[in-house]
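Colleague: I've got a model open and I'd like to learn how to read it. Can we go through a few features together?

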Amino acid sequence: MLTLIAELWLACMELFTRTLFKIGTTDISFAFLVTILLCFIGIVIFCRLIKHVLKQYLLVHLGIDEGNREAISTIVSYALGTLAFIFFMQVAGFNFASLAVLAGALGVGIGFGLQDFSRDFIGGLTLLLERNIKVGDFVEMGMEAEGRKMQGTIRTISLRSATIQTRNGANLIVPNNRLVEFPVLNWGTQGTPARIILPVQVARENDLVKTTEVLLNVACLQPEVLRSPSPRVCFIGVEEDFHQLELHAWINHMRAEEYIRSQLYFAIEYHFRQQDIHFQPSYQEMIVALEPSEFIDPLATDRNRELSRRHLRLNPLQKLRTRPLGISDFLRQIKYFDCLDDLEIRQLLETGYRRRLSNQEILFREGDVGNAFYIVLEGQVEVVVETLAKQLSVLQSGHFFGELSLMLGIPRSATVRALEDTVLFAIDHLGFQKLLHRSPKFYDLLIEGMEKHQEEVAERQQEMRALGLIRQDEDESNPVDWARKRLKQLFAL
């Protein structure tokens, strides 16, 4: 029995080691193929382990970002896997020189058969080395899916394909050559600022300054909208019945662009209703009752339509008296800004931003440099002199303070603290400087406003003299001349 088992074993081993065919000088047998297969499986496991350790642990501790971790770990694992495969093939007795004849014979056929594979492979190397597109990037491709462009986040990049997680959560497998050879819009990783544009059409009877204010308010009060770059409103064109505007706002990233855009439109519609601002005129509102007649006179119809439009344009002006006051109204009440027209007021609106204070939060302290101007939009703040423990006043919605401190850099004479959750409209030194450089006329109008109120400017100049804050070379007997010189120095005009 043992002899029979030994003979069967020898027969199996002879079959297992028998040469099936030759590649050059290398004998190929079942034993050789099994050895190569086991080596290949072991190398694949080894490469995946190396990639996982590099990507999840070593490179993380080195502080390398996600996109670089993917590229480095992929290239290193493939390189080590290739070297290991060549090493084990040589240990198994395979002579690579024997492939020269076979490669030459099959080169043309393999080249035609593996064109796409070669392009994807080279594309993968290009992506990993050039890193124009990295793991974690949010991309938009020129392929249509459900009537819209495909957008998603790059999750993996291998040597043949990339995996993109779409907005719907599905994983889209894209050959690398599509990412290399076709246009791809790359929005970058999380935290890369991106601009969204919201077209808005408003009826021509609306006040554009008020409309601009509302749009900027909506953008600035949205938590996802960045303060810098600040939101802007662009006047695109004039149509027969409406003005075409665009709200430009910057957000942290385009991943949540759809939801932010929706929230902005909801807020715009709500605040337009509150401020009696109309979108495009409704055709029903433009219908004018005509007396019965056998025919419709085109000229009469045109006259009626024009009368209807005039009526629509007058109604909002009548309702303007009852609408709540806005930032533009408060700005017009400031005596140093009373020379500004609607265009300059609109520039101030775009320069400013919203500042939120929590209950008992201090905005600034007595003696701080006056580098910002504020209007209270919601809530209330108290003005106190801490050295005397005395409250000077309580400022509520619509009150403003700090305009002269901003323009002349005058130190704060009191401390301002929020008495409840408060929202302020603020214009700081940097924004005001940009406005003055962008619009030289604005500087001239400010000086004109100061000339009308020389007494207060003179009082502030005298206070700064008493504190020793005016250098001898910048002092002037005429307070307006002093203010002009100080404006130029503070804002590098």
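**Reading cores, a strand and a patch**

Modeller: Sure, and keep in mind that this is a predicted model. Let's start inside: leaving aside neighbours within four places in sequence, Leu331 is in contact with Phe337, Ile345, Leu348, Leu349, Phe373 and Ile375. Apart from the core of Leu331 lies another one, of 17 residues, with Tyr353, Leu395, Phe401 and Leu424 among them.

Colleague: Which residues touch the most other members of the largest nonpolar core?

Modeller: That core has 61 residues, and the ones to click on are Leu331, Phe337, Leu348, Met407, Phe432 and Met450.

Colleague: Now a polar side chain. Is His248 buried or exposed?

Modeller: The general idea is that buried means under 20% relative accessible area. His248 comes out at 10%, so it counts as buried. You'll find His248 in strand β10, which spans residues 242-251.

Colleague: What does the side chain of His248 pair with through a polar contact?

Modeller: With the side chain of Glu246, at 2.9 Å. Skipping residues up to four places away in sequence, His248 also touches Arg195, Ile196, Ile197, Pro231, Arg232 and Cys234.

Colleague: And on the outside, which residues form a nonpolar patch on the surface?

Modeller: Val34, Leu37, Leu38, Phe40, Ile41, Val44 and Ile45, with about 620 Å² of accessible area together. Take Phe40, which sits in helix α2, residues 30-61.

Colleague: Why does Phe40 count as partly exposed?

Modeller: That label covers values between the 20% cut-off for buried and the 50% cut-off for exposed. Phe40 has 45% relative accessibility, so partly exposed is the label for it.

Terms used:
Residues numbered from 1 in each chain as written. Predicted model: local features only at pLDDT ≥ 70, side-chain atom pairs only at ≥ 80, totals over all residues. Heavy atoms only, no water. Patch = residues over 30% accessible without salt bridge, like charges linked within 9 Å, V, L, I, M, F, W, Y side chains within 5 Å. Areas by Shrake-Rupley, 256 points an atom, 1.4 Å probe, with all protein chains shown as cover. Salt bridge = Lys/Arg side-chain N within 4 Å of Asp/Glu carboxyl O. Helix = DSSP H or I, 4+ residues; strand = E, 2+ residues; numbered from the N terminus. Buried < 20%, exposed > 50% of the residue type's maximum accessible area, 1.4 Å probe, protein only. Core = buried A, V, L, I, M, F, W, Y, C linked by side-chain atoms within 4.5 Å. Contact = heavy atoms within 4.5 Å. Polar contact = N/O pair within 3.5 Å; in protein donor to acceptor, adjacent residues only side chain to side chain.
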